Amino acid sequence: MEIKYYIGLALALFCIGIVGVLTRRNAIIIFMCVELMLNAVNLLLVAFSKMHAATPMGKAFPAMVSDAQIFVFFIMVVAAAEVSVGLAIIVMMYRNTHSTDVNFLNRLKN
Amino acid sequence: MSTTEILFWFLSALALGSAIMLITARSPVHSVLALIVTFFAISGHYILLNAQFLAIVNIIVYAGAIMVLFLFVVMLMNLNASAEPKKHRTLQLAGFISGGCLFLVLVAALRNADAVNKTTELVTGQSGLIGNLGRELFKTYVIPFELSSVLFLSAMIGAVVISKKEK
Amino acid sequence: MDVLKLVWLIPLLPLVGFLINGLARNYLSKAMAGLIGSGVIFISFLLSAWVFFSLKDGQAPIHYFDFINVASLKIGFDFQVDQLSSIFLLIITGVGFLIHVYSTSYMHDEEPKNFAKYFSFLNLFVFSMLLLVLGANYLIMFIGWEGVGLCSYLLIGFWFTNNNYNNAARKAFIMNRIGDLGFLLAIFWIANKLGSVDFHTVFANAPDPNKFSTFDITGITLLLFVGATGKSAQIPLYTWLPDAMAGPTPVSALIHAATMVTAGIYMIARSNILYTMAPVTQTVVAVVGLSTAILAATIALKQNDIKKVLAYSTVSQLGYMFLGLGVGAYTGAVFHVMTHAFFKALLFLGAGSVIHAMSGEQDIRNMGGLKKYMSVTHITFLLGCLAIAGMPPFSGFFSKDEILGAAFAKNPVFYIIGVAGAMMTAFYMFRLYAMTFLGEFRGTADQQHHLHESPKAMTIPLVILAILAVVGGWIGIPEIFVHGGHRLETYLAPIFAQSNALQERNEMAQSKEIMLMAISVVAALAALLYAWNKFSRYKKSTEEEKGLGKVLENKWYVDEIYDAIIVRPVNAIAKYLNNVFERKGIDGFVNGIGRAVNYSSRQVRLLQSGQVGTYVLMMVIGILVLFIVQLFL
């Protein structure tokens, strides 16, 4: 598979995630779309690492190829931490306003 | 069409389809389930690319832990389809269009590049194996690895502090 | 010790006096202010006298520093010390000093800080005037020219709480400016043609037809003359001088009799070679001068304010000086400047003494018989009147007859009209004298109580000026009486050498010359006696002037004509421009920008809705735009 298919797939998933962030009003759904975007990027990174593996330089330096996959690993680490804190915030928001509507959070108005 | 290709297209279709379901589902629970399917599809892609470690980690961490957490919260708030008000029609349309435009722009940008025709090594490859990855992780990237544990600690403390009930 | 090294002190000392009196006016006592003001002028006078006595021929201009150095135009701050400027230096500092001393007594009613302000303005005036006559190029002269105009404005409006005085000051300044525009255009023209405005260079190149065509010379001289009409109050820019009498009397004496108004004469005398090369302009100058002389004389016949009579008399005498310049009698004109400075300053200071004694009264219909009370003022005033009427052997006779003689040589009509003017001069001056000093006192009993001779500080300058008015003419005795008697002519010969070489000297027969003199003297004497007789028996009457008398009393309605033709339309245009262009156009535009910014900022503010979703949308759109710009443009 040429890399262009993976690029296209990852781009599509990413843009679907963006559309989801812009379209929905529920905070949890928005959060999930952010996770989707992160995953699209992960996929692309892994694809790129395998693309480099196919080149002569990649064959000479295998460490270079696994750099991207280690990166993906750390992205997942950060995503996990972020989810836990984010959900805590959402729960607090729900407790205060009894709704998950992001439009309620308009204290930044004017 | 070899098996790998068929698998690739199938997994891609699955991923895209469930992503679309994620953003269009009425009920939040349906969205969560759609996202889980997406994660599985992506893990399938990882296996196809022979990134075995990442595939398993993806399923365990994302689909297993994070999504379950989401599900817990959704259940906790007792959200159902009627709970969410609809966003303004124009804004929705604007969001949809801008997302679509972004996709088109990026695709068009890469259209003529030579590099996009490079092949990726499917199915085979040493780099994705657990042993190799682990060796890299603990040799070159051991410090970020340790720091990530600190990150988790702070996230835990943060989450606990945020959700404390006011006395 | 070469005095020329110290020439820069002559204008500098009055400038220092101006600064000290001006800046420290709140702290100086009246005595100190008067001392500083008069003292610096006295020292300048001593230096000028020294310069006069040690002057040699062929003096090169003294260069102090480069003033303007732009592209090919180099103008230095240079002083030219030659016979013409040294005469004027003596006049300015000498008469100026006497007037300063007079002012210390005349202005003694003022508060100390106004007193000091007065002296600082006077010193600034003397400084500017000195700069004017010392300049070695047209630019330095112009700086002094503008400076005296400014000081005239400041001093006319000295009692600024009176709005009429302010209007008079403004009128003087504006009319001066109109003339200044002509002067400035002439300077530009000269600089354009020659690349330099130095007197040396300009006068050396004046006869050269390659540098200056006839059109050029005529144009330049006409423009310079326009400047002179503004500064020296000729037709059509003379109406400011009578109104300038609103200032204190010593100011009228110094500025509007002896010095500033003679700046135009000095300028034309200095540029005499240019005028000799342009006969057309000379005719214009002569005609304008003569008409002004007659017009002002007719108006003076019916004026009742003592200072206004003297003002119109000044305009008239200036007309005679321009007549002299116009017929080529440059020495005569400068001679008349000198004698006029003496007797006109004397007359004004005498008038000031009278006004002082009459507790501020200026209408001569309310005076009379003052000779009993103020003998010194009376005698000196009489001497001044005799001088101005052209009676021999007083100074006015010699200078005026020289001009009239030269006028006859050019064109007998000039002479005839000039004599008519001289008759009128004698008439109105002795009308003034008789109504003021002879006959019965016509004022109030209160005023009669206060009549007294003025203090020494006022009478001593009067005496000195009277002596000068009597003997001042004796340096210019014509050839026919004493061979080699015209010392002034020999002294000023180097200045006018170029012109005299070019124009024909009409040597008249001796008998003809004596006859011309006799005719003018006899005519003036007749007018004098008639006026003396008629007005020493003057009785105040309440009947209004009728017919020609009314027209003369109202100054030929010239001011009203100017008002209707020029002032009102200009004001109307200004009002129109203000309302339409300024308010609606420019203000509207500028305010409109303000309003537009206000409006757009209000609209932009609405973007901050606080909705995070909108923010993210904006972010995505921004990224989109960035990508497009980066990747496709």
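**View 1. Lys30(C) places its charged end over the ring of Phe115(C).** The distance from that charged end to the ring centre is 5.9 Å. The model shown here and in every view below is predicted. Phe115(C) also belongs to a cluster linked by ring pairs. Its other members are Tyr118(C), Phe119(C), Phe158(C), Trp159(C) and Tyr165(C). A second charge-over-ring case involves Arg431(C) and Phe535(C). There, the charged end of Arg431(C) lies 5.5 Å from the centre of the ring.

**View 2. Tyr138(C) and Phe183(C) form one of the aromatic pairs.** Over all chains, the count of aromatic pairs is 42. The ring centres of Tyr138(C) and Phe183(C) are 6.4 Å apart and the planes meet at 75°, so this pair is edge-to-face. Tyr138(C) belongs to helix α5 (residues 138–156) of chain C, and Phe183(C) to helix α6 (residues 163–194) of chain C. The pair therefore ties together parts that are 45 residues apart in sequence. Both Tyr138(C) and Phe183(C) are buried.

**View 3. Phe381(C) and Phe437(C) make a tilted aromatic pair.** Centre to centre, the rings are 5.3 Å apart. Their planes stand at 50°. Helix α16 (residues 375–389) of chain C carries Phe381(C), while helix α18 (residues 412–437) of chain C carries Phe437(C), so the pair joins parts 56 residues apart in sequence. Phe381(C) has 1% relative accessibility and counts as buried. Phe437(C) is buried too, with a relative accessible area of 1%.

**View 4. Asp216(C) and Lys193(C) form a salt bridge.** The closest N and O atoms are 3.4 Å apart. This pair links distant parts of the chain, 23 residues apart. Asp216(C) lies in helix α8 (residues 214–231) of chain C, and Lys193(C) in helix α6 of chain C. The relative accessible area of Asp216(C) is 6%, so Asp216(C) is buried. Lys193(C), at 38% relative accessibility, counts as partly exposed.

**View 5. Further salt bridges occur in chain C, and some share partners.** The whole structure holds nine salt bridges over all chains. Arg568(C) and Asp563(C) meet through their side chains at 2.7 Å, N to O. Arg568(C) is exposed, with a relative accessible area of 54%. Asp563(C) counts as partly exposed at 25% relative accessibility. Shared partners join Lys171(C), Asp243(C), Lys555(C) and Asp559(C) into one network of salt bridges. Within this network, the N to O distance between Lys555(C) and Asp559(C) is 2.9 Å. Asp559(C) is buried, at 17% relative accessible area.

**View 6. Ser44(C) sits in helix α2 (residues 30–53) of chain C.** Its relative accessibility is 1%, so Ser44(C) counts as buried. Neighbours within four places in sequence are left aside here. Beyond them, Ser44(C) is in contact with Leu9(C), Ile10(C), Leu13(C), Pro14(C) and Thr93(C).

**View 7. Chain A meets chain B with 68 residues from chain A and 82 residues from chain B.** Between them, the two chains bury about 6900 Å². Carbon and sulfur atoms account for 76% of that area. On the chain A side, Met1(A), Met32(A) and Lys50(A) lose the most area to chain B. Together they make up 11% of what that side buries. The salt bridge count between chain A and chain B is zero. Chain A itself has four helices and zero strands. Of its 110 residues, 65% are buried.

Conventions:
Residues numbered from 1 in each chain as written. Chains lettered and ligands numbered in written order. Predicted model: local features only at pLDDT ≥ 70, side-chain atom pairs only at ≥ 80, totals over all residues. Heavy atoms only, no water. Phe/Tyr/Trp six-rings, centres within 6.5 Å; stacked < 30°, edge-to-face > 60°. Helix = DSSP H or I, 4+ residues; strand = E, 2+ residues; numbered from the N terminus. Buried < 20%, exposed > 50% of the residue type's maximum accessible area, 1.4 Å probe, protein only. Lys NZ or Arg CZ within 6 Å of the ring centre and 35° of its normal. Contact = heavy atoms within 4.5 Å. Buried area = accessible area lost by both parts, 1.4 Å probe. Salt bridge = Lys/Arg side-chain N within 4 Å of Asp/Glu carboxyl O.
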